[in-house]
Every structure is written in structure tokens, then in C-alpha cells.
Amino acid sequence: MTRILNSTLTRLSLWSAALLTLACSGCYGLGGNNISLGFLEYPIPVSPYYQFLQEQKFHNKERYDRVPILGPTTSGGAPVALDPPSDDEVMVALEEARPVQGGIPLIWEKQRNDVRIIKEKIADYVDPPRFYPLIGPAQLHHAHYKCTIYFDERTTVGYPVPHTLHDREAIECVYIDHNHFHMVGDVDPYTTPNL
């Protein structure tokens, strides 16, 4: 019985010594004001995957989630939409539809190789002028694109039975909408209904 008690006390003293060394290392408190946040003062390791998710979210918001406001349309011809979607925008839409990221190395991985993209404009039209809050009088210009992506998809499974699946003729179709505003002059004033 004393042998078990001695081994338990030895383990307990080793753990308390380890915790004491962790607590006494580095700077303690916030600026010497005797303010303590407890365990929140020490850095907690975070996976780089979450940092990548936040950076990707900002990348998409900065480039593709905003609607630009352009000058007025010129008379004498139909307004033409802005540039077609970039390859990066098409690949972001493809990743949302058919994700490749997030595999586990040597257990399950997926790759896309030999990617070919074909972009077709399927609609281009402008709404009549109206008043938009925070913008003012404007016209909404719509452009719809059909993007067909041809690629080779390779899936490597490492557990429980190692094998590789190779789809040489994978096809995915993604629809991308490009909307932007054109400023206009005065629109018919809004009249409040009589109640």
C-alpha cells in the first residue's frame, strides 16, 4: 500500500513541478499592473487551417462579393457587361461546388490536374432605373455566365485499402452572375400612398 502511495505522490509532485515551471516562465501579468487573465494569458495553438479559411473568406469578399457602381450608360448602343469571370473566380466557384481542400495526407487526398475552362455569356440585360437606398437612382446591370470546367480528378485513398481513383474526363458546370450598378439622373419621385 505504501508503494502505491509513494508512486502516486511522486507523480503528483512531478506534475505540480511541471505546471509550476510553465506558470513561472516568460512574462507574467499585463504590464506589471498585477492584472491576471488566468489561462488566457498563455498562447493556445491554433491550426493553420483556420487561418487559411479566414484569408480565403476575405479574398472572396474583397474580389467577388462586392457590387461596383459605375458611371451612367452611354446613349447610342446597348451597354456591354464588364469583363467575363476570371479563372480564379471560376476556380473559387468550383471549389465551393466540388471541394478538393481538406483531405488528410496519406489517408485521403484529392487533386485536380489539366484544368480547361470555357466561359459563355448566356444573358446580358439592364433593369429599368429605380432608387436604391445608400446608392440613389441607379440601374442594375446583370450578366450571367456559364463556365464549363474540364479536368482530371485523382483521388488517393491510403486507408484501409490503399488505392487510387483516376477520373480522366471530369466535367463540372458553374454559373456565375456579374452584377453592377450604373448611375442615372433623376428617377420618378417616390410618392407615399395616402392611408
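**Exercise 1. Classify Phe-181 as buried or exposed, then describe its ring partner.**

Solution. Phe-181 has a relative accessible area of 11%. Buried means under 20%, so Phe-181 is buried. The model is a predicted one.

The ring partner is Tyr-132: the two form an edge-to-face aromatic pair, 4.7 Å centre to centre with 65° between the planes. The edge-to-face label requires an angle over 60 degrees. As for location, Tyr-132 belongs to strand E3 (residues 130-132) and Phe-181 to strand E5, so the pair ties together parts 49 residues apart in sequence. Tyr-132 is buried, its relative accessible area being 11%.

One further contact concerns the ring of Tyr-132. The charged end of Arg-130 sits over this ring, 4.4 Å from its centre.

**Exercise 2. State how many aromatic pairs there are, and give the geometry of the pair made by Tyr-49 and Tyr-50.**

Solution. The count is two aromatic pairs. In the pair of Tyr-49 and Tyr-50, the ring centres are 5.6 Å apart and the planes stand at 70°, so the pair is edge-to-face. Tyr-49 is partly exposed, at a relative accessible area of 43%.

**Exercise 3. Identify the residues of the nonpolar surface patch and place Phe-52 within the fold.**

Solution. Val-46, Tyr-49, Tyr-50, Phe-52 and Leu-53 make a nonpolar surface patch of about 500 Å². Phe-52 is located in helix H2 (residues 48-64). Its relative accessible area is 33%, so Phe-52 counts as partly exposed. A patch residue needs over 30% relative accessible area, and the value of 33% for Phe-52 satisfies that condition.

**Exercise 4. Write down the order of helices and strands, then find what the buried side of helix H3 packs against.**

Solution. There are three helices and five strands in the protein. Along the sequence they follow the pattern α-α-β-α-β-β-β-β.

Helix H3 spans residues 87-97, and its buried residues are Glu-89, Val-90, Val-92, Ala-93, Leu-94 and Glu-95. These buried residues pack against H2, strand E2 (108-126), strand E4 (136-157) and strand E5 (163-183).

Totals for the protein complete the picture. Of its 195 residues, 19% count as buried. The protein exposes about 15,100 Å², of which carbon and sulfur atoms supply 60%. Among contacts between residues at least 6 apart in sequence, 67% join residues at least 24 apart.

**Exercise 5. Find which residues Glu-109 touches, and say how far its C-alpha atom is from that of Arg-154.**

Solution. Glu-109 is in strand E2. With residues up to four places away in sequence left out, Glu-109 touches Ile-104, Arg-154, Thr-155 and Thr-156. The C-alpha atoms of Glu-109 and Arg-154 are separated by 8.2 Å, although the two residues are 45 apart along the chain. Glu-109 has 34% relative accessibility and therefore counts as partly exposed.

The same strand range, 108-126 for E2, covers Arg-112. Arg-112 lies over the face of Phe-151, 5.5 Å from the ring centre.

**Exercise 6. Count the salt bridges, describe the one between Arg-98 and Glu-172, and name the network it joins.**

Solution. The count is seven salt bridges. In one of them, the side chains of Arg-98 and Glu-172 meet at 3.1 Å, N to O. This pair links distant parts of the chain, with Arg-98 in the loop between H3 and E2 and Glu-172 in strand E5, 74 residues apart. Arg-98 is partly exposed at a relative accessible area of 21%. Through salt bridges that share partners, Arg-98, Glu-153 and Glu-172 are joined into one network.

**Exercise 7. Give the closest N and O separation for the salt bridges Glu-62 to Arg-63 and Asp-114 to Arg-116.**

Solution. In the salt bridge of Glu-62 with Arg-63, the closest N and O atoms are 3.2 Å apart. The cut-off for a salt bridge is 4 Å. Glu-62 is partly exposed at 38% relative accessibility, and Arg-63 is partly exposed at 47%.

In the salt bridge of Asp-114 with Arg-116, the closest N and O atoms are 3.0 Å apart. Arg-116 has a relative accessible area of 37% and is partly exposed.

Technical notes
Residues are numbered from 1 along each chain as its sequence is written. This is a predicted model: local features need pLDDT of at least 70, side-chain atom pairs count only at pLDDT 80 or more; totals for chains, interfaces and linings use all residues. Side-chain values use heavy atoms; hydrogens and water are left out. Patches are made of residues with over 30% relative accessible area and no salt bridge: like charges are joined within 9 Å, nonpolar side chains (Val, Leu, Ile, Met, Phe, Trp, Tyr) within 5 Å. Accessible areas come from the Shrake-Rupley method with a 1.4 Å probe; for residues, only the protein chains shown count as cover. Helices (H or I, at least four residues) and strands (E, at least two) are DSSP runs, numbered from the N terminus. Buried means under 20% relative accessible area, exposed over 50%, partly exposed in between (1.4 Å probe, protein chains only). Contact means heavy atoms within 4.5 Å. Rings of Phe, Tyr and Trp (its six-membered ring) pair if their centres lie within 6.5 Å; planes under 30 degrees apart count as stacked, over 60 as edge-to-face and the rest as tilted. A charge sits over a ring if NZ of Lys or CZ of Arg is within 6 Å of the ring centre and within 35 degrees of the ring normal.
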